[in-house]
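Let's walk through this one together, one question at a time. Keep the sequence and the 3D view open while you read.

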Amino acid sequence: MSCCGSLWPGATRIGERSKMREERTDVLVVGAGPVGLMTALLLAEAGIEVRIIDREERTTARSYACALHPRTLELLAQLGMADEIIRHGNRVETVGFYEGSTRRAEIALSKLPTEFPFLLILPQSRFESALEQRLRQKAGIQVDWRHRFDALEIEDGEVAAAVEKLGGTSTGYIVPHWETVVQDRFRMRARYLVGADGAKSLVRQRLGIENTRVGGPDFFAAYEFESDTPSPNEVRVVMDQATTNVLWPLSNQKYRWTFQLVKSEVANEWPEKERRAVRVAHSTVDDAIRRYVDRVAKQRAPWFQAGVKEVTWCTDVVFEHRLANEFGRGRCVLMGDAAHQTGPVGAQSMNVGFQEARELSGIVKSLLVENANPELLDDFRKRWHQEWQLLLGMGGGLASAVAAGNWSAERRSRLLSCLPSFGDHLGALARQLGLAFSPAREGKATPK
Ligand SMILES: Cc1cc2nc3c(=O)[nH]c(=O)nc-3n(C[C@H](O)[C@H](O)[C@H](O)COP(=O)(O)OP(=O)(O)OC[C@H]3O[C@@H](n4cnc5c(N)ncnc54)[C@H](O)[C@@H]3O)c2cc1C
């Protein structure tokens, strides 16, 4: 018997079955950001039939989360991609913590027990392109760009998603205007659906899952610029009473400053990822921006003496700390920013998202190929939800292992999202600061 209906409060009916074209696959991944691309790649490598859709027309064009953790590099090594990726990035072994001109603390990734004891600084755009290329060339899978997920239902125990194929049309006479139009709407049936569709996840909304705010909003502005001075071979975090700022060495003479903004300098809501590779330059504005970066950097980090030459990119961005109340339901799973969001310094949301993808691909393989117990998926969702509760400092976080009055101990709640790691690596880095990561979590490796 055919059972057709929606299970969840946010679910909408997707249209009469007999009237819509239907395609099918084993796993539908919604969202071709870094986490969705990694998920699709790992599933394809495991021999699973997968489709991946994204409403945009290409990968992003900017840096965004620009650091890959050692655990991510280990994963890339398993995929045979580590050497190539490492060649294109900047290896950084330490993170220095400053308060004004004083160096207060540092963590050495070089002391981690891993084959890749460093952070790799690499623009997110470059990494997304490498994943997309690998997916196409080795696994023979093309991202279905300009395909938008719209709704889902459970049908015969599987997931049916309504997908819209988008196109564009030019309207307006004096001022031409490009409008997105839906060219086709069809059903995509899948045995499992992965929502890797970012912070505003429609999959999460259709599943009726709340995304609870647990911290923030924190307002930041990021500036990438060329300099006349070689960058230090480390990431530098500058904390004062009100702000956390980061200097990323992007390459030899290229930096990114991410400044936390104080109340009066507030940005708008979370911007969409920038897809244009070319930036339109306005020389007077550029010069004002360049002088602003130079002034704020030297105020907050007096040790920063490099000249700010051309500013190649800048943006405002709001970071909230949020956690989805569940990481999916039934045959649907949420991952990456769709399930969790945190601050920018530790690049945790994207990198931990890759570990979620790694584990999920193994589980889906055992469900599809070995007929494993479906409860595996519930366990997966619960464990990663718990892991994120700890990463967001809910019922755990960083505890002080040293005397009160210590710089790190006093800033431990702010330091948690600044450590570029999770799980046992996060515990090891926290110990270097005289802190302990969530006693309940200490000694445990990645959730399995
Ligand atoms: C301006 C900016 C600066 C940032 N800086 C940092 C930083 O310094 N450090 C840091 O750690 N993180 C930073 N981030 C966040 C980082 O980019 C995210 O953590 C990362 O992109 C998460 O990857 P994801 O794959 O989970 O989601 P996303 O990268 O958001 O990808 C989601 C994808 O889903 C697609 N999508 C959405 N809805 C639909 C739909 N209905 N149908 C089909 N496709 C859909 C989107 O087009 C997108 O491609 C920044 C983000 C921005 C925007």
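Q: How many residues lie between strand 15 and strand 16 in the hairpin they form?
A: Keep in mind that this is a predicted model. Strand 15 covers residues 244-251, and strand 16 covers residues 254-260. The two strands form a hairpin, and the number of residues between them is two.

Q: Which residue in strand 16 is the bridge partner of Trp-248?
A: Strand 15 and strand 16 run antiparallel and are joined by five bridges. One pairing to look for involves Trp-248, and its bridge partner in strand 16 is Arg-256.

Q: Is strand 16 largely enclosed or not, and how many of its seven residues are buried?
A: A residue counts as buried when its relative accessible area is under 20%. Strand 16 is largely enclosed by the rest of the structure, because the number of its seven residues that are buried is six.

Q: Which residue in strand 16 stands opposite Phe-220?
A: Strand 16 also pairs with strand 13, residues 211-227, in the antiparallel sense over seven bridges. Glu-226 stands opposite Lys-254 in strand 16. Look also at Phe-220: opposite it in strand 16 stands Gln-260.

Q: How many bridges join strand 13 to strand 17?
A: Strand 17 takes in residues 308-324 and runs antiparallel to strand 13. As an example of the pairing, Thr-212 has Leu-323 in strand 17 as its bridge partner. The number of bridges joining strand 13 to strand 17 is 13.

Q: Which strands are the edge strands of the sheet with the order 7-6-14-15-16-13-17-20?
A: This is an open sheet of eight strands with mixed pairing. An edge strand here pairs on one side only, and that holds for strand 7 (102-108) and strand 20 (340-341).

Q: Why is one side of strand 4 and of strand 5 left without a neighbour in the sheet?
A: Another open sheet has three strands in the order 4-8-5, with antiparallel pairing. Strand 4 (67-68) pairs with strand 8, residues 119-121, over two bridges, and Ala-67 has Ile-121 in strand 8 as its bridge partner. Strand 4 and strand 5 (90-92) stand at the edges, so one side of each has no neighbour, the reason being that each has a single partner strand.

Q: How many of the five residues of strand 3 are buried?
A: Strand 3 spans residues 50-54 and is largely enclosed by the rest of the structure. That description follows because the number of its five residues that are buried is four.

Q: What is the handedness of the crossover from strand 2 through helix 1 to strand 3?
A: Strand 2, residues 22-30, runs parallel to strand 3, and four bridges join them. Val-30 has Ile-53 in strand 3 as its bridge partner. Between the two strands the chain passes through helix 1, residues 34-45, and this β-α-β crossover is right-handed.

Q: Which residue in strand 9 is the bridge partner of Ile-53?
A: Strand 3 is also joined to strand 9, residues 144-145, by two bridges, and the two run parallel. In strand 9, the bridge partner of Ile-53 is Asp-144.

Q: Which element gives the most residues to the lining of the second largest pocket?
A: This pocket holds about 350 Å³ of space and is lined by 23 residues, with His-321, Ser-413, Arg-414, Leu-416 and Ser-417 nearest its centre. The elements that give two or more residues to the lining are strand 13 and helix 10 (412-415). With three residues, the element that gives the most is helix 10.

Q: How many residues of that pocket's lining are polar?
A: The lining of the second largest pocket divides into three groups. Nine residues are nonpolar and three are charged, while the number of polar ones is 11.

Q: Is Asp-286 buried or exposed?
A: Asp-286 lies in helix 6, residues 283-300. Trp-313 is 27 residues away from Asp-286 in sequence, and their C-alpha atoms are 9.8 Å apart in space. The relative accessible area of Asp-286 is 16%, and the cut-off is under 20%, so Asp-286 is buried.

Q: How many disulfides does the model have?
A: A disulfide is a covalent bond between the sulfur atoms of two cysteines. To count here, the two sulfur atoms must be within 2.5 Å. By this rule, the number of disulfides is zero.

Notes:
Residues are numbered from 1 along each chain as its sequence is written. This is a predicted model: local features need pLDDT of at least 70, side-chain atom pairs count only at pLDDT 80 or more; totals for chains, interfaces and linings use all residues. Side-chain values use heavy atoms; hydrogens and water are left out. Two strands pair if DSSP finds at least two bridges between them. Buried means under 20% relative accessible area, exposed over 50%, partly exposed in between (1.4 Å probe, protein chains only). A crossover is right-handed if, with the strands pointing away from the viewer, the path from the first strand over the helix to the second runs clockwise. On a 1 Å grid over the protein atoms alone, a cavity is a set of points where a 1.4 Å probe fits but cannot get out, and a pocket is an open set with protein on both sides within 12 Å along at least five of seven lines; lining residues have an atom within 4 Å of a point. Grid points are joined across faces, edges and corners, and a volume is the space filled by probe spheres set on the points. Ala, Val, Leu, Ile, Met, Phe, Trp, Tyr, Cys and Pro count as nonpolar, Asp, Glu, Lys and Arg as charged, and the others, Gly among them, as polar.
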